[in-house]
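Please look over the chain shown here and follow the report alongside it. It moves from the whole chain to single residues.

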Amino acid sequence: RRADLMFFNSRHMRDLYQRNNDGALPATARIAYQGIQEATFAAARTLESLIERRACSIVSVSTMARWKGAETVVRAVALLRQRGIPATYRLVGSWPDREYE
(Lines give C-alpha, C1' and ligand atoms only; values in the text may rest on other atoms or scores of the structure.)
Protein backbone atom coordinates (compact mmCIF):
# COMPACT_ATOMS: atom_id res chain seq x y z
CA ARG A 1 0.00 0.00 0.00
CA ARG A 2 2.91 2.34 0.58
CA ALA A 3 4.83 1.48 -2.58
CA ASP A 4 5.50 4.34 -4.95
CA LEU A 5 5.35 2.05 -7.97
CA MET A 6 4.34 -1.54 -8.60
CA PHE A 7 4.45 -3.53 -11.85
CA PHE A 8 2.10 -6.40 -12.69
CA ASN A 9 2.49 -8.83 -15.57
CA SER A 10 -1.19 -8.61 -16.56
CA ARG A 11 -4.37 -6.71 -15.84
CA HIS A 12 -5.70 -9.87 -14.20
CA MET A 13 -2.78 -9.96 -11.73
CA ARG A 14 -3.29 -6.28 -10.92
CA ASP A 15 -7.00 -6.86 -10.28
CA LEU A 16 -6.25 -9.94 -8.18
CA TYR A 17 -3.78 -7.95 -6.07
CA GLN A 18 -6.33 -5.19 -5.65
CA ARG A 19 -9.10 -7.60 -4.58
CA ASN A 20 -6.79 -9.24 -2.04
CA ASN A 21 -5.61 -5.86 -0.72
CA ASP A 22 -9.02 -4.46 0.28
CA GLY A 23 -9.32 -2.59 -3.01
CA ALA A 24 -6.08 -0.67 -2.56
CA LEU A 25 -3.37 -0.27 -5.19
CA PRO A 26 -0.03 1.51 -4.88
CA ALA A 27 0.05 5.17 -5.89
CA THR A 28 1.30 4.12 -9.31
CA ALA A 29 0.47 0.68 -10.69
CA ARG A 30 1.65 -0.30 -14.16
CA ILE A 31 1.18 -3.37 -16.32
CA ALA A 32 4.28 -4.65 -18.10
CA TYR A 33 3.36 -7.35 -20.60
CA GLN A 34 6.10 -9.83 -21.36
CA GLY A 35 7.12 -10.35 -24.93
CA ILE A 36 9.17 -12.98 -26.66
CA GLN A 37 12.31 -11.87 -28.43
CA GLU A 38 12.84 -12.80 -32.08
CA ALA A 39 15.89 -14.87 -31.03
CA THR A 40 13.55 -17.18 -29.11
CA PHE A 41 11.48 -17.81 -32.23
CA ALA A 42 14.66 -18.43 -34.24
CA ALA A 43 15.89 -20.97 -31.67
CA ALA A 44 12.52 -22.72 -31.75
CA ARG A 45 12.65 -22.96 -35.56
CA THR A 46 16.00 -24.78 -35.37
CA LEU A 47 14.39 -27.44 -33.14
CA GLU A 48 11.14 -27.71 -35.05
CA SER A 49 12.10 -30.83 -36.99
CA LEU A 50 12.97 -32.64 -33.75
CA ILE A 51 9.56 -32.10 -32.16
CA GLU A 52 6.95 -34.77 -32.62
CA ARG A 53 3.68 -33.26 -33.81
CA ARG A 54 0.48 -34.77 -32.46
CA ALA A 55 -2.83 -33.91 -34.04
CA CYS A 56 -5.63 -32.94 -31.67
CA SER A 57 -3.20 -32.35 -28.79
CA ILE A 58 -3.55 -29.46 -26.36
CA VAL A 59 -0.78 -28.50 -23.91
CA SER A 60 -1.08 -25.99 -21.07
CA VAL A 61 2.18 -24.78 -19.53
CA SER A 62 1.40 -22.82 -16.39
CA THR A 63 0.90 -22.95 -12.68
CA MET A 64 -2.52 -24.51 -12.40
CA ALA A 65 -4.92 -22.26 -10.52
CA ARG A 66 -8.71 -22.34 -10.26
CA TRP A 67 -9.13 -19.00 -12.00
CA LYS A 68 -7.29 -20.27 -15.11
CA GLY A 69 -10.15 -22.67 -15.92
CA ALA A 70 -8.35 -25.92 -16.80
CA GLU A 71 -11.58 -27.78 -16.06
CA THR A 72 -13.22 -25.97 -18.99
CA VAL A 73 -10.63 -27.45 -21.35
CA VAL A 74 -11.07 -30.88 -19.72
CA ARG A 75 -14.82 -30.70 -20.45
CA ALA A 76 -14.15 -29.56 -24.04
CA VAL A 77 -11.74 -32.46 -24.61
CA ALA A 78 -14.36 -34.86 -23.24
CA LEU A 79 -16.91 -33.50 -25.74
CA LEU A 80 -14.44 -33.87 -28.61
CA ARG A 81 -13.72 -37.46 -27.62
CA GLN A 82 -17.45 -38.22 -27.44
CA ARG A 83 -17.61 -37.07 -31.08
CA GLY A 84 -14.82 -39.44 -32.08
CA ILE A 85 -12.02 -36.88 -32.15
CA PRO A 86 -8.94 -38.31 -30.37
CA ALA A 87 -8.15 -35.11 -28.46
CA THR A 88 -5.66 -35.11 -25.59
CA TYR A 89 -4.87 -32.50 -22.96
CA ARG A 90 -1.55 -32.33 -21.14
CA LEU A 91 -1.03 -30.07 -18.15
CA VAL A 92 2.56 -29.04 -17.48
CA GLY A 93 3.11 -27.07 -14.30
CA SER A 94 2.70 -27.07 -10.59
CA TRP A 95 -0.54 -27.40 -8.63
CA PRO A 96 -0.20 -25.19 -5.56
CA ASP A 97 -3.82 -25.92 -4.54
CA ARG A 98 -3.97 -29.68 -3.89
CA GLU A 99 -7.76 -29.57 -3.52
CA TYR A 100 -8.10 -28.10 -7.01
CA GLU A 101 -5.71 -30.68 -8.44
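The text below covers overall build, surface and charge, the core, and then selected loop and helix residues.

**Overall build**

This is a predicted model. The chain holds 3 helices and 4 strands. Read from the N terminus, the order of elements is β-α-β-α-β-α-β. The radius of gyration is 19 Å, well over the 13 Å that the globule rule gives for 101 residues, so the chain is more spread out than a compact globule. Along the principal axes, the C-alpha atoms fill a box of roughly 55 × 40 × 20 Å.

How much of the chain counts as buried? The figure is 15% of the 101 residues. Contacts can also be sorted by distance along the sequence. Among those with a separation of 6 or more, 49% join residues 24 or more positions apart.

**Surface and charge**

The exposed area of the chain is about 8300 Å². Carbon and sulfur atoms supply 53% of that area. Positive side chains number 16 and negative ones 10. The centres of these two sets lie 3 Å apart.

**The core and its surroundings**

Which residues make up the largest nonpolar core? There are 7 in all: Met 64, Ala 70, Val 77, Ala 87, Tyr 89, Trp 95 and Tyr 100. Ala 87 is a useful one to follow. Leaving out residues up to four places away in sequence, Ala 87 touches Cys 56, Val 77, Leu 80 and Arg 81. Val 77 is itself a member of that core.

Cys 56 sits in the loop between helix 2 (38–47) and strand 3 (57–61). Its phi is positive, about 60°, although Cys 56 is not a glycine. Its relative accessible area of 37% makes Cys 56 partly exposed, because that value falls between the 20% and 50% cut-offs.

**Helix 1 and the loop after it**

Helix 1 spans residues 11–19 and includes Gln 18. Gln 18 touches Gly 23, Ala 24 and Leu 25, not counting residues up to four places away in sequence. Ala 24 belongs to the loop between helix 1 and strand 2 (29–31). Asp 22 lies in the loop between helix 1 and strand 2 as well. Asp 22 has a positive phi of about 55° although it is not a glycine. Is Asp 22 buried or exposed? It counts as exposed, because its relative accessibility is 70%.

**The loop before helix 3**

Ser 62 is in the loop between strand 3 and helix 3 (70–82). Setting aside residues up to four places away in sequence, Ser 62 touches Lys 68, Val 92, Gly 93 and Ser 94.

**Accessibility and spacing**

The table sets out three partly exposed residues, each with a C-alpha distance to a second residue.

| Residue | Relative accessibility | Second residue | Separation along the chain | C-alpha distance |
|---|---|---|---|---|
| Gln 18 | 26% | Thr 28 | 10 residues | 13 Å |
| Ala 24 | 21% | Met 64 | 40 residues | 26 Å |
| Ser 62 | 23% | Arg 19 | 43 residues | 22 Å |

Two rows tie back to earlier sections. Met 64, the partner of Ala 24 in the table, is one of the core residues. Gln 18, in helix 1, touches Ala 24.

Note on methods:
Residues are numbered from 1 along each chain as its sequence is written. This is a predicted model: local features need pLDDT of at least 70, side-chain atom pairs count only at pLDDT 80 or more; totals for chains, interfaces and linings use all residues. Side-chain values use heavy atoms; hydrogens and water are left out. A nonpolar core is a set of buried Ala, Val, Leu, Ile, Met, Phe, Trp, Tyr and Cys residues joined through side-chain atoms within 4.5 Å. Buried means under 20% relative accessible area, exposed over 50%, partly exposed in between (1.4 Å probe, protein chains only). Contact means heavy atoms within 4.5 Å. Helices (H or I, at least four residues) and strands (E, at least two) are DSSP runs, numbered from the N terminus. The radius of gyration is taken over C-alpha atoms; the globule rule is 2.2 Å times the number of residues to the power 0.38. Accessible areas come from the Shrake-Rupley method with a 1.4 Å probe; for residues, only the protein chains shown count as cover. Lys and Arg count as positive and Asp and Glu as negative; His and the chain ends are not counted. The place of a charge is taken as NZ of Lys, CZ of Arg, CG of Asp or CD of Glu.
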